[in-house]
Amino acid sequence: MSSPVTLENIRRAPKVLLHDHLDGGLRPATVIELADAAGYRDLPTTDVDRLGAWFRDAADSGSLERYLETFAHTCAVMQDEAALVRVAAEAVEDLAADGVVYAEVRYAPELFQERGMALEQIVEAVQEGFRLGERRAAEAGRRIRIGTLLCAMRQNARSLEIAELAVRYRDVGVVGFDIAGPEAGYPPTRNLDAFEYLRQQNAHFTIHAGEAFGLPSIWEAIQHCGAERLGHGVRIVDDIKVAEDGTVNLGRLASYVRDRRIPLEMCPSSNLQTGAASSVAEHPIGLLARLRFRVTVNTDNRLMSHCSMATEMAALVDAFGYGWADLQWFTVNAMKSAFIGFDDRLALINEQIKPGYAALMA
Ligand SMILES: [Zn+2]
């Protein structure tokens, strides 16, 4: 008898997360304590429950200004090494408690320099926090591994510097690079020198593309910049036509993405908040999964979207009737698409993921 696909059981299933922002995943109580320690007085409230609700509502509001304000608060309390160690360690503990066995967590080091920290200090503090979180999770009986992605912000002009930083730290857990921030007006080709450098260094990168902005952004990310994965990539559906009789027609870009098995780091709850879809049931992830694109499921910002890997998967189960085989497929897709080495990916699939789902399906 297979275990029922409930939220509680999904939490027990091994899960893999490729797209999660460190500054979008703080615990509300931690935001309040760090603000107090840093003398930051601009939080909308210092009540834990009300602050948690405020983050969610502000991200839900449809107002870009309020959405950006949420990150202004989290970044404001992450301006010293102790804060970064704590936030990183707690992120790992929270992911492990949710049943995540491997996660790539990303952040933009340049956002934590308001009080003068050097980029190296920032990276080293976050790495220390991740290792601490892994040890604490292990003590609690949970095995989790974290890979770090360093982001450059599209609106700034520091992508080559951040790409070099990612390469410098690649042997101590930084597994890749990304560009984040506003898509409109800041095409990925503005950062070509960074991507050329990374390719020459045989380094890995993904690009936030096709979230708010359409096909040109996805095309540039893949064909000009050489992105190995797409952050969101949800607008790839603009290149897919579904006729009334159900026949599906893929355009050349959609075909390329599917044929090349280019991973899509999809984040349904986050997309609902930014307006890229109006409900999970209407989210393109259903169609893209049915067409067997290399779809992965992700959280994006756990604090703002009030979600976890387990709740995200449970929402998909509700909307599309997925079973354990589907959830395993998403998980193996993500593990295959991770930026750690082939041997390590295979070991995680064979030693943790497959046995975990087999036990739930037995
Ligand atoms: Zn993102």
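## A look around a predicted model

**View 1. The whole chain.** Of the 362 residues in the protein chain, 46% count as buried. Keep in mind that this is a predicted model. The chain carries 15 helices and 10 strands, and its C-alpha atoms fill a box of roughly 60 × 50 × 40 Å along the principal axes. A compact globule with 362 residues would have a radius of gyration near 21 Å, and the 19 Å of this chain agrees with that. Among contacts with a separation of 6 or more, 74% link residues 24 or more positions apart.

**View 2. An open sheet of four strands.** Here the strands line up in the order 1-2-3-4, with parallel pairing. Strand 1 (15-21) and strand 4 (174-180) sit at the edges with a single partner strand each, so one side of each has no neighbour in the sheet. On average, neighbouring strands are turned by 20° against each other, direction ignored.

**View 3. Strands 3 and 4, with helices on the sheet.** Strand 3 (residues 145-153) pairs with strand 4 in the parallel sense over six bridges; threonine 148 has valine 174 in strand 4 as its bridge partner. Helix 6 (residues 119-139) lies across strand 2 (100-107), strand 3 and strand 4, at about 155° to strand 3. Helix 14 (residues 324-337) also packs on the sheet, touching strand 1 and strand 2, and its direction makes about 60° with that of strand 1.

**View 4. Around Glu211.** An unreviewed UniProt entry places the feature "active site" at Glu211. You'll find glutamate 211 in the loop between strand 5 (206-209) and helix 9 (215-224). Glutamate 211 has 23 other C-beta atoms within 10 Å, so it counts as buried, the cut-off being 20 or more. Leaving aside neighbours within four places in sequence, glutamate 211 is in contact with Glu183, His232, Val234, Thr274 and Ala276.

Definitions and conventions
Residues are numbered from 1 along each chain as its sequence is written. This is a predicted model: local features need pLDDT of at least 70, side-chain atom pairs count only at pLDDT 80 or more; totals for chains, interfaces and linings use all residues. UniProt positions are given in the numbering used here, feature names are shortened, and annotations may be inferred rather than shown by experiment. Helices (H or I, at least four residues) and strands (E, at least two) are DSSP runs, numbered from the N terminus. A residue is buried if 20 or more other C-beta atoms lie within 10 Å of its own, exposed if 12 or fewer, and partly exposed in between; C-beta atoms are placed from the backbone. Two residues are in contact if their C-beta atoms, placed from the backbone, lie within 7 Å. The radius of gyration is taken over C-alpha atoms; the globule rule is 2.2 Å times the number of residues to the power 0.38. Two strands pair if DSSP finds at least two bridges between them. Axes are lines fitted to C-alpha atoms, for helices over the stretch in contact, and angles run from 0 to 180 degrees between N-to-C directions.
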